[in-house]
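Please work through the following exercises with the structure at hand. Each task is followed by a solution in steps.

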Amino acid sequence: MPSALVERLRARSLVLPDYAGGGLVNVASSVLEILKVRDESDPPPLRALDPTLTRGIRQVVVVLADGLGTAQLRALAASGDVPFIASLLTRAERGERAQLIEATTIFPSTTAAAITTLNTARTPQEHGNLAYFIWLEEFAQVTQMLRWGPGITRRGSYFDNASVDPRDFVKVPSIHGRIRSRGGASYVIEPEIFRQEAMTRMHASSATYTGYFLPSSMGVRLRGLIEERPWGERPAYIYAYWAGIDSIAHLHGPQSAEHAMEAALFDLDLSRALSGRTSDDTLVILTADHGHAFTDPDKLIDLVGDAELRSLLRNPLAGEPRLVFLHTDEPARVKEHLERRYPGAFLLIDRDEAIDAGLFGRGDGEIARRRVGEVIAMLTDDRAASIVRVDGQTFRHRGSHGGMTPAEMNIPVLAWRA
């Protein structure tokens, strides 16, 4: 691992991803370990997970609260907005069949990469779903990687064309298929509108899909599965997803009243799903894909409108509002332009330096070299950049992620027996 880049990042109090036992990928590996499916090709399980929590476990539930970083969770618990989760944090402090592990997400700190990691137990460099917007050579355009469709439009997927098979673009197998191949059961609880989305078809097709139309029903679906146990005596994995905290943090900010209300609704839903049960053979893990940094929409850096920058690029801008991928044959000129036009705004990283440092994870780096630009421009303060106009509109968020600040990278792993 090249020390120069690592030390440069640490000098700015940035957080490196931990793929060796303290990160999101290790949550997925722990699921495989507990269900006796993990093999030597997988990353290690969570190094800090208390083994007494996993003994005799037959069902593992992972609840992903999109965008609920560690700092946000702690603030919500302290303010009384999430009483059920706060009670679990108290249990964890007392060692009462509960534990809080302060972990890191993957890099970049974004949903498209993180959810694929949870579904595959592989790092972004291995699975290739590296950011929200990626230049894909296969389709010769910037792609929105949650739905695998043109980045400049709100709707549409390449897979709407029946002749284009999503499976042809999958780089690594899913944990759902692996669990089922070893005799276990696997379930995904997500919004009904995601049932035919690209991510589901690519990485969760082996799971039994349990959809809900309104967020309030997520907990109903979860409780129903745990009580009914349609898998019988087989080991089982349930993955449940809550989107609203991320959406609200983008629109109103991670410290807003709206954010607190959405978290309170999530807490109530989780309480209805999991409280008051006497069985003790289910491990529940509450985690997140990333947190949020506050970003001032009035300080948005309009890279889309920078004609001189565009003239230096081989492909359009991609990446994240906090982590821009610049595909260029003239990296020195791109860096000089950014430093001159936006002095002190960006932390500039060479693509190969980032890959060699292991920021994107394990593997040979072939996919990352194709999908990450030669220059990476990261924001570390309260600013974000406009990189893609979607249906002609510019995102002006009050909460953003993708970068490496503690607010974006640190995620909770709250585990308890239920």
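Helices (H or I, at least four residues) and strands (E, at least two) are DSSP runs, numbered from the N terminus. The model is a predicted one, in which local features need pLDDT of at least 70 and side-chain atom pairs count only at pLDDT 80 or more, while totals for chains, interfaces and linings use all residues. Residues are numbered from 1 along each chain as its sequence is written, and side-chain values use heavy atoms, with hydrogens and water left out.

**Exercise 1. Locate arginine 97 and describe its backbone and its accessibility.**

Step 1. Arginine 97 belongs to the loop between helix 4 (83-94) and strand 2.
Step 2. Its phi is positive, about 55°, although arginine 97 is not a glycine.
Step 3. The relative accessible area of arginine 97 is 44%, so this residue is partly exposed; buried means under 20% relative accessible area, exposed over 50%, and partly exposed in between (1.4 Å probe, protein chains only).

**Exercise 2. Carry out the analysis for aspartate 391.**

Step 1. Aspartate 391 is placed in the loop between strand 16 (385-386) and strand 17 (399-400).
Step 2. Aspartate 391 has a positive phi of about 50° and is not a glycine.
Step 3. With 44% relative accessibility, aspartate 391 counts as partly exposed.

**Exercise 3. Identify the residues joined by a cis peptide bond, and place proline 108.**

Step 1. The cis bond links phenylalanine 107 to proline 108, with omega at about -5°.
Step 2. Proline 108 sits in the loop between strand 2 (98-104) and helix 5.

**Exercise 4. Describe how helix 2 packs against helix 5.**

Step 1. The axes of helix 2 (residues 24-34) and helix 5 (residues 111-120) come within 8 Å and cross at roughly 20°. Axes are lines fitted to C-alpha atoms, for helices over the stretch in contact, and angles run from 0 to 180 degrees between N-to-C directions.
Step 2. Helix 2 is therefore roughly parallel to helix 5; angles under 35 degrees count as roughly parallel, over 145 as roughly antiparallel, 65 to 115 as roughly perpendicular and the rest as oblique.
Step 3. In helix 2, Leu24, Val25, Val27 and Ala28 meet Ala114, Thr117 and Leu118 of helix 5, where contact means heavy atoms within 4.5 Å.
Step 4. This contact of helix 2 with helix 5 comprises six nonpolar, one polar and no charged residues. Ala, Val, Leu, Ile, Met, Phe, Trp, Tyr, Cys and Pro count as nonpolar, Asp, Glu, Lys and Arg as charged, and the others, Gly among them, as polar.

**Exercise 5. Describe how helix 9 packs against helix 11.**

Step 1. The axes of helix 9 (residues 217-228) and helix 11 (residues 257-274) cross at roughly 15° and come within 8 Å.
Step 2. These two helices, 9 and 11, are therefore roughly parallel to each other.
Step 3. Residues of helix 9, including Leu222 and Ile226, meet residues of helix 11, among them Phe266 and Leu270.
Step 4. By class, the contact of helix 9 with helix 11 holds seven nonpolar, two polar and three charged residues.

**Exercise 6. Where is arginine 182, and which residues does it touch?**

Step 1. Arginine 182 lies in the loop between helix 7 (175-181) and strand 6 (185-191).
Step 2. Arginine 182 counts as exposed, at 55% relative accessibility.
Step 3. Not counting residues up to four places away in sequence, arginine 182 touches Lys36 and Val37.
Step 4. The C-alpha atoms of arginine 182 and valine 37 are separated by 7.0 Å, although these residues are 145 residues apart along the chain.
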